[in-house]
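Okay, thanks for coming, everyone. I'll put the structure up and walk you through the sheet, then one ring pair and the strands around it.

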Amino acid sequence: MTQKILATRYIKVDPLHPDPGVIQAAGDILARGGLVAFPTETVYGLGANALDGRAVMRIFEVKGRPSDNPMIVHVADLDQVKDLVECLSSPAQELMRAFWPGPLTLVLPVGGVVPPEVTAGLPSVAIRMPGHAVALALIRAAGSPVAAPSANLSGRPSPTMAAHVMQDLNGRIDMILDGGAAGVGVESTVLDLTGSVPTILRPGGVTPEALTGILGKVMVEPAALSSLQTAKPRSPGMKYTHYAPRAPLLLLEGEPRVIAAKIREIAAAYRSKGKQVGILAYADGEDYTGAGQVVLAGQRSKPETVAAGLYAALRRFNDLEVDFILAEGLPESGVGLAVMNRLRKAAGGRIWHVVDRDVGNHLDKMHDE
Ligand code: TXA
Ligand code: MG
């Protein structure tokens, strides 16, 4: 597809008290049908006026996003929600009070004003109120809700810094607001409230444990728990390979000591073939010095720190130009569930549940790519 080259304006803003003049200029761009990348508390978003189907179509074009993957509509106050939905159940309202602004996206029956480009023609719409002063000010300045997927090229890791957005979208969009590093680091939790039991379609910043506290029963969509692609995932985004660094990634799950032994063994085998091996590890975990190009993504014992550093770590492997990446899995408690969901997606099926007897075995299970 031919892309028009735009002069992308890059502007630094204070994440807590953004300059009103800058925000208004960005809001005006959105109101005129343009595209602005902006920080949220989860990852950077690429925004367009959610009520302008043509502006939303441009997001699909610049990202190379499949057109059947719907977008999240971002609001700045609860009043904006009413027009976007057909009805609001009391659990939905309770969740909004408890978690908004914050990393929780609610899938609700869609109202008449939302163009089909946003929902990809589904009878539901995904809505969230981001917990970031820049995002909220921008939505207000635009004078409309803002449709925004993550501000990366489709298939690449989501951007947690403005520099990542520059790498992917410079020359394709009108403006980038740089408000520093996104805090949570993985995308919002997508919770479907249109069925009989609330269902997490995508694990994220708000944990199942926290949701259960309010809703009682919450299900997690099986497709969100494994790399297996179900025939008809309920969240269209789940069927695409996401978050992937350029080099193939093998995710090793199991007991840390056993995983570590296996990683050393595989890394040595690759090194002996003259390949560059990347190792995704944790600051408080195994020390792989000398085994490969080690990138640390937070602390294993604090999954929220891994979430915050994960996408930057995956992009770092691109800079290091490794041939193959070995990644340590994590326990799935708390935000660890979201981290493992993203790692499994990044692995695109290359997942090994390592057990003791695997260590020292031949490498014939490996797909050498
Ligand atoms: O944290 C986030 O959610 C970030 C920031 C920018 O807000 N946004 C984000 O957007 O991650 P995106 O487009 O990368 O992911 C949106 C996800 C996709 O998996 C999509 O399929 C799902 O939400 N989704 C959107 N509308 C839906 C709907 N009506 N029903 C089911 N899933 C929906
Ligand atoms: Mg995305």
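First, some vocabulary: contact here means heavy atoms within 4.5 Å. Axes are lines fitted to C-alpha atoms, for helices over the stretch in contact, and angles run from 0 to 180 degrees between N-to-C directions. Helices (H or I, at least four residues) and strands (E, at least two) are DSSP runs, numbered from the N terminus.

Now the housekeeping. This is a predicted model, where local features need pLDDT of at least 70 and side-chain atom pairs count only at pLDDT 80 or more, while totals for chains, interfaces and linings use all residues. Residues are numbered from 1 along each chain as written, chains are lettered from A and ligands numbered from 1 in the order written, and side-chain values use heavy atoms, with hydrogens and water left out.

So, the sheet. Two strands pair if DSSP finds at least two bridges between them. On that basis, eleven strands make an open, mixed sheet, ordered S1-S8-S2-S3-S7-S4-S6-S5-S9-S10-S11. S1 (9–12) and S11 (219–220) are at the edges with a single partner strand each, so one side of each has no neighbour in the sheet. Further in, S4 (72–74) and S7 (146–147) are antiparallel over two bridges, with His74 opposite Val146.

What lies on top? Helix H1 (20–31) lies across S1, S2 (36–38), S3 (45–49), S7 and S8 (175–178), at about 145 degrees to S8. Helix H8 (208–215) also packs on the sheet, touching S5 (104–109), S9 (189–192) and S10 (199–202), and its direction makes about 35 degrees with that of S9.

Next, the rings. Rings of Phe, Tyr and Trp (its six-membered ring) pair if their centres lie within 6.5 Å; planes under 30 degrees apart are stacked, over 60 edge-to-face, the rest tilted. How many pairs does a search of the whole structure find? Just one. Tyr270 and Phe324 have ring centres 4.8 Å apart and planes at 10 degrees, so they count as stacked. Tyr270 sits in helix H10 (256–272) and Phe324 in strand S15 (324–328), 54 residues apart. Both are buried (under 20% relative accessible area with a 1.4 Å probe, protein chains only; exposed is over 50%, partly exposed in between).

And Phe324 takes us to S13 (277–281): Phe324 is the bridge partner of Val277, and S13 and S15 run parallel, joined by four bridges. Five of five residues in S13 are buried. On its other pairing, S13 runs parallel to S14 (293–296) over four bridges, and Leu280 stands opposite Val295.
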